[in-house]
Every structure is written in C-alpha cells, then in structure tokens.
Amino acid sequence: MSLDKYVSFATKSFTLPDICIRIRSVLDNPRSSASDLGDLISLDSSLTAKVLRLANSSLFRFPSQVESVSKAINVIGGEALYNLVVAETANTAFKYFDTQLINLDKHWFNSVYCGMVAKHLAKASNMRGSERFFVMGILQNLSELVIAKRSPELYKSYIEQDSDMLLGARQIQHFGFTFSNCSGTILENWKLPLVLYYPVMHANDMSRQATDSDIALLALASRVTTMQQNKKTDGDIELFLEDIANNSGVNIDDVANAIEFADRETAKISMLIH
C-alpha cells in the first residue's frame, strides 16, 4: 500500500478540530490582536484549563503563576499557545487510531518523551520557538498508529521481523517509506504550518539532516527516545551521526540534560494532555 493511501485514510478519518483552524486564522490575520486569540481559547473551558496547566508546567518554568489565557499569550506568545493546542489535539488523534497491535499508553508516553527531549535540545541550542519541537516530537510517530490500524497484517509482519536494521531502514523495507515521512505528509494535509510538518516529514533524510538544523535536532531527539525507551535492543544506538553532530547545535552534555529532564517530567506532562 502506498504512502498516499495511508495519508488519505488518516485525513478522511480524522480532521483537525475547528478550534485549531480558527486559532491559525487569527494568528495569520495581521488585524487580529492577542485579545481576539484569548477570547477564542476561552470559549472552550476544558481547553483553557489544559492550556493553563501546560503553561504552568515544567515545559516553561515561569517564576509566577499564569492565571489567565491572556497572560499566557503575553508570556509565551500566540504561536506557542497554538502549538499547545495542537499537542492537546494530538492526544485525540492518537486515541482515534487506537489498535490492539500497539499499547496506546506506551506509544503516547514515548511520543511525549520525544517531544520533551526535542524541546529541551531546541532550547539548549537557542532555537526560536522551541515549544514547536515539543509538538513535532509528539507527532513524529503518529503514522505508526495509522498504519497499524489500516494494514494490521502488514504492520504485524513489520514488528515481528527479527532484524538488526535501524528502524527507518526496516520501515522503508516493509512500507516503502518511514513513519516520520508519512506523519509529516499527514500533518501537511491537515494544513499545519510548514515549520511543524517539514522537519517531521524529513527527519530520516540524512542529506537534509546535514543542511537543516531543525531536522537534525528532531532526528537526534528521535534517536535519544529510541535508545532510552528500547534499551535492550537499541541501547547502543549511535546518537551523534556526523551530519547530526555538525548541524544540531548541541553537545553530549545537552543530550544528557535532556534525558534527565525527560525522564523526570514526561509522565507529568503526558497526563496533563491526556
């Protein structure tokens, strides 16, 4: 089955909530103000509560309590707020594509872990909008659920294969594409911003890892997550491939700090969004 068929299945089965589209529209309208954005978020009390919990979490570490959406916008910015809403939406999407072949709680935890590592590394390398890496880390493996749901027998043969190949190579062998490539294409079809879907789409592309720092950093976060969450099989994975090392803007100490941060905080953050 081709990548297009999985993308079509995903985009026809699940669409972004109206609130995501409306927030994006407000942000892209030069005439809109922070109060317009705040009014829109405040219409949904459940979403407001989750956004404020995330704004007050270890993701941002603000010295004082953020008590209102308007203050959250002033402190973290409209784009960061949009990214938090997309992260919350991801939880709904993950549940929609639930399958018996994948432990959804573990898959969600690993995805948030990747997001936590990616955000921490992005902050360490002084990337603008480091919170978008949190969203990209979460969404990078969304398509694994989509593929398992749409093609359970093919996915089952993939996970049962005894191979020393890296995950990306195994995915190409079985499906003709990597999960990150499929996920990024789904995000593009959901009309998420280029800065979110492009690094996800090309996270396994070594030539782009060498030229695009966003891609290099997301690829590193993915490799860290694989190493930490699958220590028996992937505990000795090489983290700093030459292109990633040259272009990610971080060092081994930054990685160690990101792992410590993710180990400590992922369970709390995943429950806040869940």
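N126 is exposed in this predicted model, with a relative accessibility of 69%. The residue belongs to the loop between α7 and α8. Its backbone has a positive phi of about 60 degrees, although N126 is not a glycine.

S130 is found in that loop too, between α7 (104–124) and α8 (131–139). In contrast to the exposed N126, S130 is buried, at a relative accessible area of 12%. Apart from neighbours within four places in sequence, S130 is in contact with K119, A122 and K123.

R61 also has a positive phi without being a glycine; the value is about 55 degrees. R61 sits in the loop between α4 and α5 (69–76). With 49% relative accessibility, R61 counts as partly exposed.

**Salt bridges**

Side chains of opposite charge can pair when their charged atoms come close. Across the whole structure, a search finds 10 salt bridges. R61 takes part in a network of them, linked with E260, R264, E265 and K268. Three salt bridges are listed below with the separation of nitrogen and oxygen.

| Pair | N to O distance |
|---|---|
| R24 and D28 | 3.1 Å |
| D205 and R208 | 2.7 Å |
| R264 and E260 | 3.9 Å |

The R264 and E260 pair lies within helix α18 (residues 252–273), where the two residues are four apart, about one turn of the helix. R264 is partly exposed, with a relative accessible area of 41%. E260 is partly exposed as well, at 49%.

The R24 and D28 pair belongs to helix α2, and the two residues are separated by about one helical turn because they are four residues apart. An α-helix has 3.6 residues a turn, so residues three or four places apart point the same way. The partners differ in burial: R24 is buried, with a relative accessible area of 14%, whereas D28 counts as exposed at 52% relative accessibility.

For the pair of D205 and R208, D205 counts as partly exposed at 22% relative accessibility. R208 counts as partly exposed at 29%. The cut-off for burial is under 20% relative accessible area, so the 22% of D205 falls outside the buried class.

**Helix α2 and its neighbours**

R24 is one of the buried residues of helix α2 (residues 18–28), together with I19, C20, I23 and V26. These residues lie on the same side of α2, because they cover an arc of only 160 degrees around the axis. The elements that the buried residues of α2 pack against are α3 (34–42), α4 (45–55) and α6 (78–96).

Two packed helices are described by the angle between their axes and the distance between the axes. For α2 and α3 the angle is about 175 degrees, and the axes are 10 Å apart. The two helices are therefore roughly antiparallel to each other. On the α2 side, the contact is made by I19, R22, I23, V26 and L27. On the α3 side, D36, L37, L40 and I41 take part. I19, I23 and V26 thus appear both in the buried set of α2 and in the contact with α3.

**The nonpolar core and L217**

In soluble globular proteins, nonpolar side chains tend to be buried together. The largest nonpolar core here has 90 residues, and L81, L121, F134 and I138 touch the most other members. With neighbours within four places in sequence set aside, I138 is in contact with A87, A90, F94, W108, S111, V112, G115 and I273.

L217 is located in helix α15 (residues 213–229). L217 is buried, and its relative accessible area is 0%. Not counting residues up to four places away in sequence, L217 touches A118, L121, A122, S125, M127, F133 and S248. One of these, L121, is among the core residues that touch the most other members. Another, A122, is also in contact with S130. The C-alpha atoms of L217 and P199 are separated by 9.1 Å, and the two residues are 18 residues apart along the chain.

Notes: Residues are numbered from 1 along each chain as its sequence is written. This is a predicted model: local features need pLDDT of at least 70, side-chain atom pairs count only at pLDDT 80 or more; totals for chains, interfaces and linings use all residues. Side-chain values use heavy atoms; hydrogens and water are left out. A nonpolar core is a set of buried Ala, Val, Leu, Ile, Met, Phe, Trp, Tyr and Cys residues joined through side-chain atoms within 4.5 Å. Buried means under 20% relative accessible area, exposed over 50%, partly exposed in between (1.4 Å probe, protein chains only). Contact means heavy atoms within 4.5 Å. The arc is that of the directions from the helix axis to the C-beta atoms. A salt bridge is a side-chain nitrogen of Lys or Arg within 4 Å of a carboxyl oxygen of Asp or Glu. Axes are lines fitted to C-alpha atoms, for helices over the stretch in contact, and angles run from 0 to 180 degrees between N-to-C directions. Angles under 35 degrees count as roughly parallel, over 145 as roughly antiparallel, 65 to 115 as roughly perpendicular and the rest as oblique.
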